[in-house]
Amino acid sequence: MAGPPVASLPMTEDQAEAARAAFALSCPGLMRRTDASGLTQGADWQAACQAAASVPRGGARDFFARYFEAVQVGDGRSLATGYYEPEIAGSRERRSGYEVPIYARPRDLIDVDLGAFTTDLKGKKIRGKVQGTNLVPYDDRTAIEQGSLEGRAPILAWGADPIEVFFLQIQGSGRLRLPDGGIMRIGYDTQNGRDYTGIGALMKARGLLGPGQTSMQGIVAWLHDHPEEGRAIMRENKSFVFFRELNGAPQGAMGYAVTGQVSVAADPKFVPLGAPVFLSMDRQDATGLWVAQDTGGAIKGSNRFDTFWGAGDTARAVAGGMSARGTAFLLLPVGTLARAGIVAPVGTVGALPQR
């Protein structure tokens, strides 16, 4: 369903400029990648990408109004959570107080593109390991925490707190504060192929969390207060993330740096990675123009988004308590809706204006 004219969306010039910069950064991948959603082709983005590189100061809102049209994906009813770049205590070497391994990609982890075997499975991938002559599921969280990867996976660093390392995996990237005061930045490399299970929903369903405890901060506090039960609950999330060391800012699934209050994770089956998305939510801090530059294990469906807030205490507080609902509008190159047979509302520009 077509959305409102982009010019009518309530975005500030500063917000539009930040989104323009993120969009321009994503353009090479946006034009090169196959759009898993099937909504666009690489060439569709060419005009907008060329224009994004030379938008005059104060012209970002006009840029989006000229080159994009809005569409509501699915029923439009969206849920937005938040993530951030955490900083936790870590060490490059194992030492007293630093006993939790943070693994790099295992040497025996295999990625399989099922579409290479049959067109019926195009776009589907699995991960596993070879056992004899069979490909079997890779070790789950319990097996890995019990030491199954010894000799099979490099250890990048050692964490001080297993709960902090667990949430570092959920966030996908972070900073390790080393004993000498230095910082080691690590980011997502891959995961074990097991399905992600959100422990917050499990804990809420079991009545373990009281009023005001359903934020990430509340969940962490409960896990620290109930170490044995907490370990068992964390192991119900069989997904396990492997990291690599970063030399710069954290990167999203496109391989580009993500930006706080601009980048958002989305499901690429419904949202082209690199596309702008306008979120109209019941929280003002989540409302605005974002750019889909990342994905997430829990971010599934046409209207599921995860907003990125950067690093620091404020980012941690906002991301940890973020749960906003509202409507999402995907911004696509002008002409996309007509090709898909979607009728635009009155007032939507149907073709690029003459410059």
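So, burial: of the 355 residues in this protein chain, 47% count as buried. Keep in mind as we go that this is a predicted model. The accessible surface adds up to about 17,000 Å², and 50% of that surface belongs to carbon and sulfur atoms.

Okay, the overall build. The chain has 10 helices and 15 strands. The radius of gyration is 21 Å, close to the 20 Å from the globule rule for 355 residues, so the chain is as compact as a globular protein of that length. If you lay the C-alpha trace along its principal axes, the spans are about 65 × 50 × 40 Å. And how much of the contact list comes from residues 24 or more positions apart? They make up 78% of the contacts with a separation of 6 or more.

A quick word on charge. There are 37 positive side chains and 36 negative ones, and the centres of those two sets lie 3 Å apart.

Now the aromatics. A pair of aromatic rings is described by the distance of the centres and the angle of the planes. Searching the whole structure turns up 13 aromatic pairs. Take Phe-23 and Trp-45: the ring centres are 6.1 Å apart and the planes sit at 50 degrees, so this pair is tilted. Phe-23 belongs to helix H1, residues 13-32, while Trp-45 is in the loop between H1 and helix H2, residues 46-52, so the pair ties together parts that are 22 residues apart in sequence. Both of these residues, Phe-23 and Trp-45, are buried.

Here's another pair, Phe-240 with Phe-242. Their ring centres are 5.5 Å apart with the planes at 50 degrees, so that pair is tilted too. Phe-240 and Phe-242 are both buried. And going back to Phe-23 and Trp-45, they are part of one aromatic cluster, together with Phe-63, Phe-64, Tyr-67 and Phe-68.

Next, helix H7, which covers residues 216-225. Which residues in H7 are buried? Those are Met-216, Gly-218, Ile-219, Val-220, Trp-222 and Leu-223. And what do they pack against? The buried residues of H7 pack against strand E1 (68-85) and four helices: H5 (162-171), H6 (199-205), H8 (227-235) and H9 (313-320).

Let's move to a loop, the one between strand E10 (241-246) and strand E11 (263-265), where we find Gln-251. Gln-251 has 35% relative accessibility, so it counts as partly exposed. Beyond its neighbours within four places in sequence, Gln-251 is in contact with Arg-244, Leu-246, Tyr-256, Ala-257 and Val-258. For scale, Gln-251 and Val-277 are 26 residues apart along the chain, with their C-alpha atoms separated by 19 Å.

Gly-252 is in the loop between E10 and E11 as well. Is Gly-252 buried or exposed? Its relative accessible area is 11%, so Gly-252 is buried. Not counting residues up to four places away in sequence, Gly-252 touches Val-258, Gln-293 and Asp-294. From Gly-252 to Thr-336 you go 84 residues in sequence and 26 Å in space, C-alpha to C-alpha.

One more from the loop between E10 and E11: Gln-261. Most residues other than glycine have a negative phi. Gln-261 is not a glycine, yet it has a positive phi of about 65 degrees. Gln-261 is exposed, with a relative accessible area of 53%.

Two more residues and I'm done. Arg-304 is in strand E14, residues 304-311. With 16% relative accessibility, Arg-304 counts as buried, since the cut-off for that is under 20%. Setting aside residues up to four places away in sequence, its contacts are Leu-79, Ala-80, Thr-81, Ala-265, Ala-266, Asp-267, Ala-298 and Ile-299. Arg-304 and Glu-228 are 76 residues apart along the chain, and their C-alpha atoms are separated by 32 Å.

Finally, Glu-236, which sits in the loop between H8 and E10. Glu-236 has a relative accessible area of 33% and is partly exposed. Leaving out residues up to four places away in sequence, Glu-236 touches Thr-197, Leu-202 and Arg-206. Glu-236 and Gln-50 are 186 residues apart in sequence, and C-alpha to C-alpha they are 47 Å apart in space.

Technical notes: Residues are numbered from 1 along each chain as its sequence is written. This is a predicted model: local features need pLDDT of at least 70, side-chain atom pairs count only at pLDDT 80 or more; totals for chains, interfaces and linings use all residues. Side-chain values use heavy atoms; hydrogens and water are left out. Helices (H or I, at least four residues) and strands (E, at least two) are DSSP runs, numbered from the N terminus. The radius of gyration is taken over C-alpha atoms; the globule rule is 2.2 Å times the number of residues to the power 0.38. Buried means under 20% relative accessible area, exposed over 50%, partly exposed in between (1.4 Å probe, protein chains only). Contact means heavy atoms within 4.5 Å. Accessible areas come from the Shrake-Rupley method with a 1.4 Å probe; for residues, only the protein chains shown count as cover. Lys and Arg count as positive and Asp and Glu as negative; His and the chain ends are not counted. The place of a charge is taken as NZ of Lys, CZ of Arg, CG of Asp or CD of Glu. Rings of Phe, Tyr and Trp (its six-membered ring) pair if their centres lie within 6.5 Å; planes under 30 degrees apart count as stacked, over 60 as edge-to-face and the rest as tilted.
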